[in-house]
Amino acid sequence: ALCVVVTFLPLVTGKEIKVGILLPMTGRWPIGTRIAAAAPLSIQDINNDITLLPAFNLTYSIHDSACVAEKGLRGMVAFEGLDFIIGPGCSLTAQPVATLAKIWNKPIITYAASSAAFIDKTVFSTFATVTAYGRRNQQYTPAFVARLMSAFNWTVCGILTSTEVEWKAMAQKIRALISPLVNVTVYEEHDPQTTRFDEILRRGRENARVFLLLCYVNQVTDIMRAAKNLGMTNGDHAFVTIDLNTDVFYSNGRWTGNDGPGSQFSQDLNGIVDLSVDRPLLSEDFKARYRAMGSALVPEVRQYLNAKPSWYAAFLYDAIWLAALALNDTIADGYDVTNTSATVQRMFNRQFQGESGKVRMINGTRVPLFAVGNIVNGSYKLIMNDSLSQKTVDGLNGIEWPGQGRTVPLSVPPCGFDGSFCINKTPDGKSSDETQLIIFAVLGACICLVVLVGVAVFLRRRQDQECTYMQWVIPYKAIAPSQEHEPEEINRSRVSQACELRHVNVNPCVGVCVEPLTVCIVNEFCAKGSLQDILLDDNLKLDWTFKMSFAMDIARGMEEIHKSAIGPHGRLKSKNVVVDSYWICKIADYGLGSIRQSQNDLGQDGKAYS
């Protein structure tokens with residue numbers, strides 16, 4: 001196995017901090033051959049920076065992980081005595097390596113692996129990621145897809161997803177998030193090995209014009225060829241993909257070695273709109289310094305080195321830099337280098353400007369910067385990149401849709417999918433006699449039915465109103481079984497209005513308990529508590545991006561409440577805004593003021609719960 005050690009000394013020698021780097025120099029994805037020189041380059045820049053770890057000297061070791069779990073673990077065994085781990089690059093290797101790092105209590109940062117499983121910090125508690133893929137980022141990608149749909153005024157779409165785990169999981173997340181605003185009329189899961197895409201599209205075009213294609217580039221190509229044969233690339237249909245700008249670098253599951261500007265796509269993909277995590281463009285200065293540092297690598301590594309760096313070189317550089325920043329703050333705060341808990345805390349939540357762009361870490365995961373691209377004449381054209389902290393997608397002009405048109409395809413045909421939006425008439429503009437007879441017969445029958453069932457409908461409506469109200473009423477014994485009381489009289493329509501209101505920025509009302517002395521409003525639990533708690537917590541440092549995100553969430557929630565039957569909130573304050581585990585603000589304490597008033601009338605001994 002390849003394992004070499006290289007040491008860079010600063011101007012003043014100090015205590016040694018040892019860094020182990022796992023790079024796939026061989027195997028199915030030998031990205032190490034295109035990024036290895038970024039390791040000594042980053043180490044040298046850190047050692048020469050007098051503001052970073054001034055009393056310490058960074059050294060590093062490189063081990064070939066080859067995108068094989070066993071080789072990654074062997075590298076970890078060789079690194080057991082080191083202070084910090086960087087890598088590995090592949091998720092398949094990173095999962096067992098990160099688990100072992102947790103057992104050994106060592107901090108670890110990957111420069112490329114980005115499995116969705118890594119978000120769970122109860123499992124990967126010392127593991128951070130400085131890059132991401134759209135298809136694996138279930139926390140942010142669905143929200144960006146929803147905003148793209150809104151930007152194009154698409155209200156109906158179809159989802160075609162591979163049965164492969166990461167695509168299927170992402171499809172389910174996207175479908176769940178966009179369904180309140182976008183009607184997903186087609187949802188097809190396909191086996192990438194056996195599916196006939198022409199049959200899927202033939203069925204799908206009856207109910208959708210916009211298709212979200214969640215699969216790898218080879219399957220996307222087959223779908224677009226089938227669409228072309230069916231006449232669906234004439235400008236009436238739109239096709240949206242995720243990570244196409246990354247997948248083009250693979251052929252039959254193996255990396256082609258080509259990436260970056262100038263990469264060519266199949267002409268069958270022209271007109272596709274692609275959502276990918278924005279990839280950095282390496283500066284000429286960085287590439288020149290990278291090439292110069294190649295000679296600093298030992299022969300065992302240098303023999304594999306490709307002089308043309310990949311964009312992942314910037315991620316490797318920033319991963320090492322993030323480690324140095326975290327260690328520097330740990331030492332400055334009076335902790336020892338070996339205090340993994342202090343180091344992890346300082347690398348999980350911070351931001352800095354790196355070679356790969358703005359690096360913003362939240363709970364060990366980098367917040368992605370998404371890019372919207374367009375395939376034009378076989379080339380990837382960047383339309384815009386957009387920070388996830390923004391709540392809208394602007395600047396989407398210049399897209400060339402299938403058929404080379406510039407007009408955004410409609411998600412619903414002008415006459416509807418079944419033609420029901422348009423009325424057919426005879427050439428003289430009047431309905432035929434036969435049609436008139438049918439209309440008169442139907443109208444006569446309707447009048448008779450209205451007379452016969454009118455009373456029944458009225459009685460049923462009263463019964464339905466009673467049932468609708470009672471479904472929100474919760475017996476107090478379900479909360480405190482030891483007490484029994486007779487129900488209070490509450491405004492039933494207000495309860496129904498509050499409990500039926502659903503919006504991502506409104507805290508759902510689960511129900512009410514209306515028994516005397518025990519009136520309760522039951523709401524959905526939000527893990528982060530109230531906005532007041534967050535604002536008063538000195539340990540939470542909120543930048544303006546976060547604050548603007550909170551403000552927009554509150555504005556959307558208030559807008560939804562005010563345009564509903566509930567009307568003005570009247571009690572908005574930070575204590576009445578709660579925050580869930582995804583840092584989404586939700587408006588609470590709305591629409592049930594009569595319940596609060598009835599409890600206040602009990603006197604000082606009355607209590608209310610929500």
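Okay, let's start with one pair of residues: Gln353 stands opposite Lys358 in E15. Everything here comes from a predicted model, so keep that in mind as we go.

Why start there? That pair sits where strand E14, residues 350-354, and E15 pair in the antiparallel sense, over five bridges. A hairpin links E14 to E15, with two residues making the connection. Then look at the next strand along. E15 is joined to strand E16, residues 365-366, by two bridges, and again the two run antiparallel. Here Ile362 has Thr365 in E16 as its bridge partner. E15 and E16 also form a hairpin with two residues between them, and in that turn Asn363 has a positive phi of about 55°.

So is E15 enclosed or not? Five of its six residues are buried, so E15 is largely enclosed by the rest of the structure.

Let me step back to the whole chain for a moment. It has 17 helices and 22 strands. Of its 610 residues, 50% count as buried. And if you take contacts between residues at least 6 apart in sequence, 71% of them join residues at least 24 apart.

How confident is the predictor? The average pLDDT is 83, and 81% of the residues score at least 70. There are weak spots, though. Over residues 250-255 the pLDDT is below 50, and that stretch has 15 contacts in the model beyond near neighbours in sequence. Residues 425-431 are also below 50, and for that stretch the model has three contacts beyond near neighbours.

Now the inside. In soluble globular proteins, nonpolar side chains tend to be buried together. In this model, the largest nonpolar core has 61 residues, and the members touching the most other members are Ile21, Ile86, Ile109 and Leu316. Which elements give two or more residues to this core? They are E2, helix H1 (38-47), E3, E4, helix H9 (284-293), helix H11 (312-332), helix H12 (340-348) and our strand from the start, E15 (357-362). H11 gives the most, with 15 residues.

Zoom in on Leu316. Leaving aside residues up to four places away in sequence, Leu316 touches Ile21, Leu23, Ile35, Ala38, Ala39, Ile86 and Tyr111. There's also a second, separate core, this one of 59 residues, and it includes Ala171, Val210, Val372 and Met558.

Two of those Leu316 contacts, Ala38 and Ala39, are among the buried residues of H1. H1 is mostly covered, with nine of its ten residues buried. The cover over those buried residues includes E2, E3, H9 and H11.

Helix H2, residues 69-78, is another one to look at. Where do its buried residues sit? Gly72, Gly75 and Met76 are buried. They span an arc of only 100° around the axis, which puts them on the same side of H2. The general rule fits on one slide: an α-helix has 3.6 residues a turn, so residues three or four places apart point the same way. On the other side of H2, Arg74 and Val77 are exposed. As for what covers the buried residues of H2, the list includes strand E2 (15-23), strand E3 (56-64), strand E4 (84-86) and helix H3 (91-104).

Speaking of E4 and H3, Pro88 lies in the loop between them. The peptide bond from Gly87 to Pro88 is cis, with omega near -10°. For anyone new to this, most residues other than glycine have a negative phi, and most peptide bonds are trans.

Phi brings me to the far end of the chain. Trp583, in the loop between E21 and strand E22 (585-587), has a positive phi, near 65°. Asp589 isn't a glycine either, and its phi is positive too, about 60°. Asp589 is in the loop between E22 and helix H17, residues 593-600.

Last stop: His569. You'll find His569 in the loop between helix H16 (544-562) and strand E21 (577-579). Buried or exposed? His569 is buried, with a relative accessible area of 8%, and the cut-off for buried is under 20%. A polar atom of the His569 side chain lies 2.9 Å from the backbone oxygen of Ala588. Not counting residues up to four places away in sequence, His569 touches Met558, Ile561, His562, Asn576, Ile587, Ala588, Asp589 and Tyr590. Two of those we've already met: Met558 is in the second core, and Asp589 is one with a positive phi.

That's the tour. Questions?

Technical notes: Residues numbered from 1 in each chain as written. Predicted model: local features only at pLDDT ≥ 70, side-chain atom pairs only at ≥ 80, totals over all residues. Heavy atoms only, no water. Buried < 20%, exposed > 50% of the residue type's maximum accessible area, 1.4 Å probe, protein only. Helix = DSSP H or I, 4+ residues; strand = E, 2+ residues; numbered from the N terminus. Arc of directions from axis to C-beta. Contact = heavy atoms within 4.5 Å. Core = buried A, V, L, I, M, F, W, Y, C linked by side-chain atoms within 4.5 Å. Pairing = 2+ DSSP bridges. Polar contact = N/O pair within 3.5 Å; in protein donor to acceptor, adjacent residues only side chain to side chain. pLDDT = per-residue confidence, 0-100.
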